[in-house]
Amino acid sequence: MRNVVFVAPFPLETTMRFARAVGQLPGVRLLGIAQEAAGGDDRALFADVVTVRDGLDARQLVEAAQLLAKRHGGLHRMVGILEPLQVSLAEARQALGIPGTNPVTADLFRDKGRMKDELRRHGLPCARHAVIRSWADAEAFVKQVGFPVVVKPPAGMGSKSTWRIENVDELGAALRALHASPERPALAEEFLRGREFSFETITIDGRVQFESATRYYPTPLEVMEKPWIQWVVVLPRTIDGPDYADARALGVKAVTALGLETGMTHMEWFRRDDGSLAIGEIAARPPGANIVRMNSFAHDTDMYRAWARAVVDSAYDGPYERKYAVGCAFLRGGGRGRVRAVHGVDAANARVGKLVVESKLPAPGSPKSDSYEGDGYVIVRDPDTEVVKQAMTTIIETISVEYA
Ligand SMILES: Nc1ncnc2c1ncn2[C@@H]1O[C@H](COP(=O)(O)OP(=O)(O)OP(=O)(O)O)[C@@H](O)[C@H]1O
Ligand SMILES: [Mg+2]
């Protein structure tokens, strides 16, 4: 039996999909570290769970893991999928001598300033940026690149506290909101204009084995700026052609430049109107926004399992044929409050229902989410990318969420 520790502060459905994949691997005893242990059917997945006060704290992770090792024997791997967990997880693994991404690499994938320095050092294009410790830093950066700029936390997630800044007043407000200071610097970046995409890999022992990409409609920043927009992610049927060739090459170089050995990666990249590329950011963890699920549908395989095989067994069972285009529309609407009704579902079903492979409708009564992922989603698939795109348009034009 190989003891695999899965760290997840909370048993969210999107997280538990990965825990289940690990638990279902043959010869694995799944152990958990959590603030809140999984309930329901998921409870039985874990042979043992240690609860901690702060599931993101490296010291508590080490102590909990030591307790698990005392009860069950040596630990084979220690894994988790959340973005803010990756550095603590790496530190805990290092302290315990468990193989996996080391803290230096984990930090390069997490700290957007250092990430961009390292990418640029390898000649890979990304937005110009500056670490902002003072008003003078901010003024100097704006003088260099001009407005608009983007201001964000150096290691944020979910596009939270990330703003497009058009003038000095907005710059001041953003830096105040982030409490930017020498101890708590903010990050400023040149504003990239163009279309935004993602690029995913499964990488084993430093070699990229699997590649995938999606297109975002529109950019997550715009979705955050306009709370009525229903965000759409489209995974095109093929990324083998010239449209994606340069971006794929760039993505593979980025993974290698930051030194990842084994895991799933998720990069965001821009294609500017002049055709040039820029890396937005890259994370050493599986993507959110249902992109793993979408890859399962596209390749007719279980991509959660593929992730688990990579991080637990350092193995890749592909290549997987990309058989379908897949789209995900995230449902929401204007207004505030709680979900009152979801309109247009029957009409959308009549038009594109046969393409739908999974959906989760917003639950009446639940508070409006502040995420670009909205309050529910619909996933469709078809061999033809254009059919998927049209279905996405139909869904977001037909379904609307009402709040009160
Ligand atoms: N320099 C930039 N130029 C243009 N847009 C940007 C820039 N930086 C960020 N954005 C926009 O803001 C979004 C969020 O930024 P970023 O990805 O750095 O933050 P994040 O919090 O890690 O996001 P998430 O977790 O949603 O991927 C991006 O997806 C992009 O739409
Ligand atoms: Mg991002």
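This passage describes a metal site, a helix and its surroundings, a surface patch and the cysteines of a predicted model.

The magnesium ion (ligand 2) has two glutamates as its protein donors, Glu268 and Glu281, each contributing through OE. These donors lie 1.8 to 2.0 Å from the ion. The pair links distant parts of the chain, as the two residues are 13 residues apart. Glu268 belongs to strand 12 (residues 263-271), whereas Glu281 belongs to strand 13 (residues 277-283). Glu268 counts as buried because its relative accessibility, 13%, is under 20%. Glu281 is likewise buried, with a relative accessible area of 18%.

Burial is also found along helix 1, which spans residues 13-23. Its buried residues are Thr15, Met16, Arg17, Phe18, Ala19, Ala21 and Val22. The cover over these residues includes two helices, helix 10 (291-299) and helix 11 (303-313). Strands also take part in this cover, among them strand 1 (2-7), strand 2 (28-34), strand 16 (356-360) and strand 17 (376-382).

At the surface, Trp135, Phe147 and Val168 make a nonpolar patch of about 260 Å². Trp135 is located in helix 6 (residues 135-145). With a relative accessibility of 38%, Trp135 counts as partly exposed, because this value falls between the limits of 20% for buried and 50% for exposed residues.

The cysteines were examined as well. A disulfide is a covalent bond between the sulfur atoms of two cysteines. The search of the whole structure finds 0 disulfides. Cys126 is buried at 9% relative accessibility, and Cys328 is buried at 0%.

How values were computed: Residues numbered from 1 in each chain as written. Chains lettered and ligands numbered in written order. Predicted model: local features only at pLDDT ≥ 70, side-chain atom pairs only at ≥ 80, totals over all residues. Heavy atoms only, no water. Donors = N, O, S within 2.8 Å, 3.2 Å for Na, K, Ca; no water. Helix = DSSP H or I, 4+ residues; strand = E, 2+ residues; numbered from the N terminus. Buried < 20%, exposed > 50% of the residue type's maximum accessible area, 1.4 Å probe, protein only. Contact = heavy atoms within 4.5 Å. Patch = residues over 30% accessible without salt bridge, like charges linked within 9 Å, V, L, I, M, F, W, Y side chains within 5 Å. Areas by Shrake-Rupley, 256 points an atom, 1.4 Å probe, with all protein chains shown as cover. Salt bridge = Lys/Arg side-chain N within 4 Å of Asp/Glu carboxyl O. Disulfide = S-S within 2.5 Å.
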